[in-house]
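Reader: Please take a close look at the charged side-chain pairs here, one pair at a time, and say how open each partner is to solvent. If there is room, add a word on the central strand pairing.

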Amino acid sequence: MKIFEKKLAQEKPILATNVVFKITGVPEYTFVDRQELSEEIDQHLDSKDGVLLFLGYSKSGKTVFRKKHIEEQGHNLVTYRGNNTSTVPDLYKQIATQLGLIQVKELQQAQSQSRSVEEEEQLGNKNIGHIKDKRLNTTENALKVTSDVSTSDINVNFLCNKLSSKNVLVVIEDYHLVNNDFNRTLSEDLKHFLDEEILFLLIGIPSSPNRALRNNPDLSGRMGHISFDYLSREEVKYIILTGGGLLNIDFKEEVVEKIIECSLKNAYLVQYLCRTLALSKNVKKTSKDKVVISNPNDVIEACKNIAQTLDSDYSSIYNTISSGARAQQQTKAFNQYEEVLKAIKFFSIEQLEKGVNSRTISSTTWSNMPAERIQEYIDNGTYKSEQSFKSSLNTQIKNAVDKINDNLSVSATKPILYVNDSTLYLTDLIFKFYINWKTESVNA
């Protein structure tokens, strides 16, 4: 038996840890083929009767799944990345350009300058008789201009006419970033595209599922929502155990459970935690000998290490939210900016996805404030009464929440949080992980 086991071990391919547990691109060896999602997507695309909406946090697998699954279906694919300056004419021009509906013509503008240069040639002796040969040389300057030329305006009618029955799929990445004007126009046009079986795939975050529906009720029932928010427990286990088997690592049950808990069931974080754990045991490639990881505390240390690495991506955003803390008086009973950060750490992903309003944050802050602390600030005259204390807390936390959009729009390089009607929405699950494990983070 031992000889047989040794032979099997020898036959295992030697793979690099960062190839098995990938945090960028498509993981070849630990990709989770979510069968139910695949069937649902295939059904929707085959019927061609609606807009497909991929919803999920950053790094939840939306783009990876699109590349792995949809791009192999043979569609004429157009990919457009949305942002807050995107316009529908820009989108339509990209569709027309990418699918060859716009011709590129070279136009020539001639600028002529007749520069008369008279040249004479004399034949014979000038004293006896001669003939003059005159020539006129003209120099012309020409300027060539290349431009896009279309025989018609590039609008919904033009595209529907040209693309009907051509198996077109338009993918709009970061759909949640487009502005209301873009969304309003597109939602009005989508019905016409659907009538001509021109398919659209919108990829966005969980808090944006019904934006198009609110602008065009005709789309009701014609949007398919595919959720990429969380892996199931079994899918997380598949990644851990499959990757562990390829690297000859035995992840014990307690460790697997801790990874499920700490990763927020996010595919990127599962991969990242497994890679970090493997490297912490010096497993850079498939190990000759079995490596056992059995201590759940190793997962906690891995979380802290990852948060430290993520600091370069998220520290400026964290500091922007907490920046008001530096201006606070030390005698103040609470810091409204800290309370916003505590809320992100305290509330669950599901709650933050649906939105947590400033009143809820204030109520949580108040309920967690010790009674003796409340009394202390009433006794020293900071607040006249318990009610005035609570009222001040409500007002200042609301003001702090309402400032988040403006503050982040100046400094944030990626969408992290969004505030609407004094309600805070989390748009990047990785930011919550970062706050959960940031060592100098505020205590919840």
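Author: Arg 233 has a relative accessibility of 35%, so it counts as partly exposed; the cut-offs used are under 20% for buried and over 50% for exposed. The model is a predicted one, and every value below is computed from it. Arg 233 has a salt-bridge partner in Glu 257, with 2.6 Å between the closest N and O atoms. This pair links distant parts of the chain: Arg 233 belongs to helix H9 (residues 233-247) and Glu 257 to helix H10 (residues 253-262), 24 residues apart. Glu 257 is also partly exposed, because its relative accessibility is 27%.

A further pair consists of Lys 252 and Asp 250, whose closest N and O atoms lie 2.9 Å apart in a salt bridge. Lys 252 has a relative accessible area of 33% and is therefore partly exposed. For Asp 250 the figure is 24%, so this residue is partly exposed as well.

The pair of Asp 311 and Lys 438 forms a salt bridge at 3.5 Å, N to O. It links distant parts of the chain, with Asp 311 in helix H12 (residues 296-322) and Lys 438 in the segment after helix H19 (429-437), 127 residues apart. Asp 311, at 27% relative accessible area, is partly exposed. Lys 438 has a relative accessibility of 9% and therefore counts as buried. The three pairs described are among the eleven salt bridges found in a search of the whole structure.

As for the strand pairing, take strand E6. All six of its residues, 199-204, are buried, so the strand is largely enclosed by the rest of the structure. Leu 199, Leu 201 and Ile 203 point one way from E6, while Phe 200, Leu 202 and Gly 204 point the other way. Both sets are buried.

E6 has parallel pairings with two strands. With strand E1 (residues 51-55) it shares four bridges in the parallel sense, and Leu 53 stands opposite Leu 202 of E6. With strand E5 (residues 168-173) there are again four bridges, and the two strands run parallel. In that pairing Val 170 stands opposite Phe 200 of E6. Helix H7 (residues 180-195) joins E5 and E6 in a β-α-β unit, which is right-handed.

Conventions. Residues are numbered from 1 along each chain as its sequence is written. This is a predicted model: local features need pLDDT of at least 70, side-chain atom pairs count only at pLDDT 80 or more; totals for chains, interfaces and linings use all residues. Side-chain values use heavy atoms; hydrogens and water are left out. Buried means under 20% relative accessible area, exposed over 50%, partly exposed in between (1.4 Å probe, protein chains only). Two strands pair if DSSP finds at least two bridges between them. A crossover is right-handed if, with the strands pointing away from the viewer, the path from the first strand over the helix to the second runs clockwise. A salt bridge is a side-chain nitrogen of Lys or Arg within 4 Å of a carboxyl oxygen of Asp or Glu.
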